[in-house]
Amino acid sequence: MTSTPDDLPAGSGADPGWPQLHPTTQSAYNHILWNGGLSKSEVAKKLGLSRTRMTAIARDLEAAGLIAEGGREQRASTGRPADMLLARTGLFHFLGVHVRAGELVAAGIDLANKVVWERRQHVDELGPSVIGAQCRAWLAEAKADGLRVAALAVCGSVERIDAAAEGVGLHAVVPEAARSQWESEFGIPVWAEDDVVALTAFEQWPRLAEGQDSMALISLGREIGFGLVADRKIILGAHRRAGRFSHVLVAADGARCPLEHRGCLWAESSTTSIVHDVVGARTLGDVIDRATAGEQTARARLARAARGIGVAAGHILNLLDPDKVILTGDSPSILDSRTEDFDEGMRTVYTAPDSPVIEVTVFDFLEWARAAAGLALYRRLAEYDH
Ligand SMILES: [Zn+2]
């Protein structure tokens, strides 16, 4: 095979980034992409466009090389065959870099959100010059491998990079000045965001096709992070501090946290606090093993943690009324066989009669880089302001 629909347009020359599109044209493209192809009339219907306007948009997208004719298909929406528009998903790529203490992990995805490229690099120390040099090298390598990278996202915990010293968060190793310098040097949008924001984008992006406009994600671990999506936008906050919710009160007479709160979410449900409270336990796994073996204190401690997460989820449901709440990080092991405790906690504050959609997902830490790449894709296509 010498040619595929995803070959770059002839004479594409120097490596242009993602083309500048009118917001409506971008939106039309996104719908075609999310749905794995749509007919013109289906796109027009979704966006409320006239036939003339839609014809012009399809022409623009074809001229930009972003879509291809996909042949005629019987469509359930009209009961008639229609010419399909397909997104050329191999045309551009998005790079995510996850910053960990001692290691940088990269993932490149295509427009279909599929990982097509991965790298890991041990680093002795973290800092803007080390991370910048590695991103530069990876972008060159990705290009040599035939990828056309349209955006880059560098992610890590803003609170504290995994295993790094106290106080070393993402913005300490990727300050705003470095991020903006890379953006102009690399010629593509560059974002530096918290892990949880990346994970939120990763979970939300594929759901946009189904019309999921809002979502809340709770990532439980040593720290507790919240990712929020409303009206299709990831909420970052006026000072990029949205989602700081881990010290909300969840138990009237619970454990005490380092900030002297009694019964806050962190004190009740963070893994740090759970492990601390069970004498002799060193990891969350120890506590879970002991609970499974029938040890009452470990069981009671995990039940309290599950209830605490439930209360926090209830508050979020009341506040945002999202399509869905996703619980991840260490949530699956804490909530395993303790969903009744979770529900009990949630119901102390959430009083709507219907059951909310709560999803518990296992997320491998190796997938963080992929989440970062997902953030670059989401931001570039669904949120980018020209
Ligand atoms: Zn607290």
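The overall dimensions of the chain are described first, followed by the packing of helices α1 and α2.

The structure is a predicted model. The protein chain contains 14 helices and 13 strands. Its radius of gyration is 23 Å, close to the 21 Å that the globule rule gives for 386 residues, and the chain is therefore as compact as a globular protein of that length. Taken along the principal axes, the box filled by the C-alpha atoms is roughly 65 × 55 × 40 Å. Of the 386 residues, 49% count as buried. When contacts between residues at least 6 apart in sequence are considered, 61% join residues at least 24 apart.

Helix α1 spans residues 23–34 and helix α2 spans residues 40–47. The two helices pack with their axes 10 Å apart, at an angle of about 120°. This angle lies outside the range of 65 to 115 degrees counted as roughly perpendicular and is not over 145, the limit for roughly antiparallel; α1 and α2 are therefore oblique to each other. Their crossing is right-handed. On the α1 side, the contact is made by Thr24, Ser27, Ala28, His31 and Ile32, while α2 contributes Val43, Lys46 and Leu47. By class, four of the residues in this contact are nonpolar, three are polar and one is charged. The nonpolar residues are Ala28 and Ile32 of α1 together with Val43 and Leu47 of α2. Thr24, Ser27 and His31 of α1 count as polar, and Lys46 of α2 is the charged residue.

Notes: Residues numbered from 1 in each chain as written. Predicted model: local features only at pLDDT ≥ 70, side-chain atom pairs only at ≥ 80, totals over all residues. Heavy atoms only, no water. Axes fitted to C-alpha atoms, helices over the stretch in contact; angles between N-to-C directions. Helix = DSSP H or I, 4+ residues; strand = E, 2+ residues; numbered from the N terminus. Parallel < 35°, antiparallel > 145°, perpendicular 65-115°, else oblique. Left-handed = near helix turned anticlockwise from the far one by under 90°. Contact = heavy atoms within 4.5 Å. Rg over C-alpha atoms; globule rule 2.2 N^0.38 Å. Buried < 20%, exposed > 50% of the residue type's maximum accessible area, 1.4 Å probe, protein only.
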